[in-house]
Amino acid sequence: MKYDQMMMKDIEENFYQGVKEPVEELKEKESEMQSLEELNNVLLRKEREAIDELQAARKAAVEYFEKKSNNRSSIGVKRMGVLDEQPFTRAVKAKLPNEEWDLRASELCSLWEERTRNPSWHPFKTVTIASMDREVIDENDDKLRELRDEYGD
């Protein structure tokens with residue numbers, strides 16, 4: 001009986017020692033993971049703060065240059081997706097010398113801004129120049145050809 005008790009005690013000790021090491025490793029890994037999660041949260045918060053600062057600085061710079069624009073200014077602000085209206089104005093003005101050219105130029109520019117935002121329209125073709133592929137404007141595109149025929153180059 002004593003022998004059985006000693007065997008059971010020995011088996012329990014061996015079992016707990018065999019389980020004890022992986023449990024301790026698991027606790028260490030959990031502690032390490034928690035530390036890494038906390039570090040990640042701190043880094044994410046700092047990244048958000050930096051992004052907010054950059055956006056505020058960008059907004060301030062855009063406002064400054066929009067207000068400070070004068071005839072001698074060499075820095076301008078270009079908004080993505082917004083076309084320059086001057087070429088449209090010149091082309092329509094040459095074609096329609098009367099008072100309607102201003103409205104027609106704005107309409108034409110708006111139409112082409114809408115067309116350029118359409119992802120299914122791709123007026124470019126890929127050509128190989130000096131063994132490098134380059135995208136160039138497709139001169140045979142129907143919409144571009146129509147614009148060129150009506151208003152010139």
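Start with the core: select F88, V92, A105, L108, C109, W112, W121 and Y151, the eight residues of the largest nonpolar core in this predicted model. Now color by element. Helix 2 (85–95) and helix 3 (101–117) are the elements that give two or more residues to this core. Helix 3 supplies the largest share, with four residues.

Stay inside the core and center on C109, one of its eight members. Show what lies around this side chain. Leaving out residues up to four places away in sequence, C109 touches L83, E85 and F88. Of these, F88 is itself listed in the core.

Next, pick Q86, which sits in helix 2. Buried or exposed, where does Q86 fall? Its relative accessible area is 51%, so Q86 is exposed; the cut-off for that class is over 50%. Draw a C-alpha to C-alpha distance from Q86 to C109 and you should get 9.2 Å, for a pair that is 23 residues apart in sequence.

Zoom out for the overall layout. The protein has four helices and two strands, and along the sequence they run α-α-α-β-β-α. Turn on a surface if you like: the accessible area comes to about 13,800 Å², and carbon and sulfur atoms account for 53% of that. How much of the protein is buried? Buried residues are 10% of the 153 residues. As for contacts with a separation of 6 or more, 30% of them join residues 24 or more positions apart.

Now go to helix 1, which covers residues 2–67, and find L36 there. Add L39 and L43 to the selection. Together with L36, these leucines form a nonpolar patch on the surface, with about 290 Å² of accessible area between them. L36 has a relative accessibility of 49%, so it counts as partly exposed.

Move on to the strands. Strand 1 (124–129) and strand 2 (132–137) are joined by a loop, and A130 is in it. S131 is found in that loop too. Check the backbone angles here. What is the phi of A130? It is near 55°, a positive value in a residue other than glycine. S131 also has a positive phi without being glycine, near 60°. Both are worth a look because most residues other than glycine have a negative phi. While you have the loop on screen, switch to an accessibility coloring. A130 comes out exposed, with a relative accessible area of 69%, and S131 is exposed as well, at 70%.

The last stretch of the tour is helix 4, residues 142–151. Begin at its N-terminal end, where D141 acts as the cap: a side-chain oxygen of D141 lies 3.2 Å from the backbone nitrogen of K143.

Then select D142 and R145. How many salt bridges does the structure hold? There is one, and this pair makes it: the closest N and O atoms of D142 and R145 are 3.4 Å apart. Both partners belong to helix 4 and are three residues apart, about one turn of the helix. Their accessibility is worth checking too. D142 has a relative accessibility of 55%, so it counts as exposed. R145 has 32%, so it counts as partly exposed.

Follow helix 4 to its other end. Y151 is the last residue in the range of the helix, and you have met this tyrosine already as a member of the largest nonpolar core. Finish on G152, just after helix 4, where phi is positive again at about 85°.

Conventions: Residues numbered from 1 in each chain as written. Predicted model: local features only at pLDDT ≥ 70, side-chain atom pairs only at ≥ 80, totals over all residues. Heavy atoms only, no water. Salt bridge = Lys/Arg side-chain N within 4 Å of Asp/Glu carboxyl O. Buried < 20%, exposed > 50% of the residue type's maximum accessible area, 1.4 Å probe, protein only. Patch = residues over 30% accessible without salt bridge, like charges linked within 9 Å, V, L, I, M, F, W, Y side chains within 5 Å. Areas by Shrake-Rupley, 256 points an atom, 1.4 Å probe, with all protein chains shown as cover. Contact = heavy atoms within 4.5 Å. Polar contact = N/O pair within 3.5 Å; in protein donor to acceptor, adjacent residues only side chain to side chain. Core = buried A, V, L, I, M, F, W, Y, C linked by side-chain atoms within 4.5 Å.
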